[in-house]
Amino acid sequence: MAWQPQPGPLVQLSQCLRGSLSGHDIAAQKSAEQMLRQAKTSPDINNYLTYISVTPNPPEGFDTTTYHPARSAAVIMLKNNFKSSYRSIPEPSKVYVKSTILAGLQDGNAQIRNFVGNVVTEVVRQGGVLGWPQVLPQLLSMVANENGQSTAEAQDGAMGALFKICEDNKRLLDQDYPNQGRPLAYLLPKFLDLTASPNAKLRSRALSAINVFFNEPIALTARENVNNILPRVVRLTTDENEDVRRFVCRTFSLLADGMPTVLLPHIEGIVDYTISQQKDIQNEELALDAAEFFFEASSAPALRDAFGPYLNRVVPVLLDSMIYSEDDQLRLEGEAEDADLEDEEKDIKPQFATSKTSRSNAGGALTANPQPTNGQSNPAANGFAYEDDDDELSEGEIDEYDDGDMDPEEEWNLRKCSAAALDSIASHFGGPVFNVTLPWLMENLAHKDWQNREAAVLALGAIGPGCMQDIEPHLPNLVPYMLSLLSDQQPVVRQISSWALSRFAGWASHLDPAGKQQYFEPMMEGMLRCMLDNNKKVQESAASAFATLEEQANTELMPYSAVIVQQFVRCFGRYKDRNMYILYDCVQTLAEYAGPELAKPELVESLMPALIARWEKVQDQSREMFPLLECLAFVATALGNRFTPFAKPFFMRCIRIIQNNLEAGAGAASQPYLDVPDKDFLVTSLDLLSSIIQALEEPYSSELAKSAQPNLFEMLAYCMKDGNNDVKQSAYALLGDCSIYIFPQLQPYLPTLLEILLHQLDLSHVAADPDTACRVLNNACWSCGEMAMRHKAGMAPYVDRLLSKLALIMFAENVPESINENAAIALGRLGIGCHEQLAPHLANFAVPFLRAMQKVSWTDEKGHAYKGFASVVLDNPQAMEQCLLDFFAEMANAPGVFLTGMQDDGPLQSFERVLAQYKALIGDVWDTYLHNLAPLQEQSLRQLYTF
């Protein structure tokens, strides 16, 4: 007999469920939640929840209105139970849920249908596609109305559930199952049939489901069947429904990104179609999806070349789409001066430590965080973003940072997408794009309406880098015009003008002195002035633009450092919380490119009090600490020993932040209900410690390390073992810096630290997350070499294990070459103090060592490595039989200035001893042997060395 609920428990549970949503009565809500926790222990709880979810008729004591909250709470709780406790749910309960839940998809309430679809998806996700083999045929039958009894609601609910299943189980649906094949091979033809449904909503949702499988990585089944799918999509281009046409545009965009070559035979028709859809200004969502095609296609090498014949059609549409709509114009014209208003918490986006990138050269640690590529912490502040938001939420998912009150200027929209596409097309085609754009620019730059002038400046900035050769003759007229717009009445015009000017900062900063005075200095002054605008968005845009100008100008900025610092200090005094983030970026970019100038006493006295005042205001737990610590790391490096008077409070606070984070992490590991602390606090604190240790003279940095409580090196050991690769990367960078600058303080802790390092020198760590793990491995190799340089013979207990580990890394083909090179450098440096232990193994590692070292430029690190390697060779000269000429060739390639510049630290004397030894060993045929080298190499060898 089928399971049936008992009336009493059914009513009681419904009351609890409704009470759990009683936000107006907190006591009742907490009581209901407590009762629900108790009810979860009942073996029938999921049966009751399912029954309430799918039963629209209210039980005794409820009416339809009061019963709806109970049903909503029931279906949400059911989904969460399956998500958290699937394996512990009794099998009979699972059977009941599967046999009953689909009835909820035909409910008259769209919210209930949506929630039930989430339950169906969760059951499939937890139990697997084969765990509920009937569900896909049943849902398809409901959508297609095969029994003639499916209501429109049932078709809608079933299609929604199918879409969610596809979205959440994409990989599983494309998988081959024994005797079953791929579920997607069954689904795709059904979806294609549904694209011909008379129901427009079903047509659009069927196509959206197909599109799921064209998202990267493209499903194999979709890839294999694209030639069957594409004609159906083309047929839908004439569909009368706008939603259907939107998804057609999305299909073309996805294919342009993932399978561009399949579109080539149809390119003219697709271009004409997407142009017609983008011109539909009454439906901005449709126009945006059409513009997305041009954005994706312009980035696909296989497709963008085919754009050439259509530029005169595509570019004008993109340009017109960059003009603010009437609604946006009204909104923007109402913006007030707000620079003195405090920011609300919702105005400040979550901050993260800047991700690090790999260095291509060997012999260096990955330490300080690099700049954003365009100096922008928030690209949207400039009027449009050049990057689409790839972190799209799935249907029904909630963004934890979304407060429902997002600034429209920060959303990805038609205007930004069109500008990004224009930028990409201009970067590829250059002059032809400028020729099409020029008449439009001339018309709109002088337009009476601000929105047209603003769009013209946006277009000018967008095509600037790609069309620089064609634009450059016009810049003497255009730059003063854009400078004049920095005083425009409309804040949004001042915003976009700052950004557009920054696109030409590289040109202006490298003119002759007269040109700089005429164009670069006014550009710089205008941006600095706008950084103190009465509108916060203008401040932000100007600061972002100025960071770009700093990068473009590079060292050309140094003569202006005093003026710049003076304005930055004023900004520190006026900015509210949000704009502080981009101000930190400006300061650290100035420190990076004009570092020596910042160390002048008058600039130190001006800048440091402003930074310290902010440092004292920001709490340890604030996410503002990330950009502030990153900024201070750059400033410490720039100031060098002039940072000494300020160092101690920064150093000790970093120690405290690291301690608190490690303790909180240990607590969360033992008590799962505690929040895991944000590792970015560790990353940025470790990086600042590295910068301070590098900046200060040895007595001062040693004293800081000695007085740190808790002990610096004991905490460093914990960070080196952390589960987060970014933390380990920074920890090994700090380890290397401590080896270089404060080795006597580090030395007593080496036994512990070297054991941790030996564990890290393992290629198996790379498999899980190759990108970040390789950066950790790089820093571990580098720090190993730095320790070997100074610990010398003290490395003896570890040599055999280090040789084994470093050799495997040096041989590895699945890691970037820079890691092979850093492993080789570390191994060579190990030879400085432990050459006797390495010598018996020389024949096994000499060839790959030289192969890796040949790719490394001649730096001190390479010199140290060859000095150690030469000592190993002197202990076992016979082992070099296979590669002796390669070693001699490397000696011959060493620059003479480099060899003499390193003096006793370098390999010059060791190379000469090696040559003298082999001359003695080879004897009378020595000169004949050297003739095997290229003539220029032999000549160089004889000139560089005395043997």
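This passage walks through the overall make-up of the protein, then one helix and two single residues.

The model is a predicted one, so local features need pLDDT of at least 70 and side-chain atom pairs count only at pLDDT 80 or more, while totals for chains, interfaces and linings use all residues. Residues are numbered from 1 along each chain as its sequence is written, and side-chain values use heavy atoms, with hydrogens and water left out.

Starting with the whole protein, there are 50 helices and 0 strands (helices are DSSP runs of H or I with at least four residues, strands are E runs with at least two, and both are numbered from the N terminus). The C-alpha trace spans about 105 × 75 × 60 Å along its principal axes. Out of 947 residues, 56% count as buried; buried means under 20% relative accessible area, exposed over 50%, and partly exposed in between, using a 1.4 Å probe and protein chains only. Taking the contacts with a separation of 6 or more, 74% come from residues 24 or more positions apart (contact means heavy atoms within 4.5 Å).

Helix α11 covers residues 200–212, and its 13 residues reach 19 Å from the first C-alpha to the last, close to the 18 Å expected at 1.5 Å a residue (the expected span being 1.5 Å times one less than the number of residues). Because 11 of those 13 residues are buried, α11 is largely enclosed by the rest of the structure. Among the buried ones are Leu202, Arg203, Leu207, Ile210 and Val212. The buried residues of α11 pack against several other helices, including α7 (135–144), α8 (152–168) and α14 (242–258). At the N-terminal end, asparagine 199 acts as the cap of α11, with a side-chain oxygen 2.9 Å from the backbone nitrogen of lysine 201.

Next come the two single residues. Glutamine 278 sits in helix α15 (residues 267–278) and is buried, with a relative accessible area of 1%. Setting aside neighbours within four places in sequence, glutamine 278 is in contact with Ala287, Ala290, Ala291, Phe294, Val317, Leu318, Ser321, Leu414 and Ser418.

Valine 457 belongs to helix α22 (residues 450–463) and is buried too, at a relative accessible area of 0%. With neighbours within four places in sequence left aside, the contacts of valine 457 include Leu445, Met482, Trp499 and Ala500. Cysteine 719, 262 residues from valine 457 along the chain, is separated from valine 457 by 48 Å between C-alpha atoms.

Notes
A polar contact is a pair of N or O atoms within 3.5 Å; within protein, one must be able to donate a hydrogen and the other to accept it, and residues adjacent in sequence count only if both atoms are side-chain atoms.
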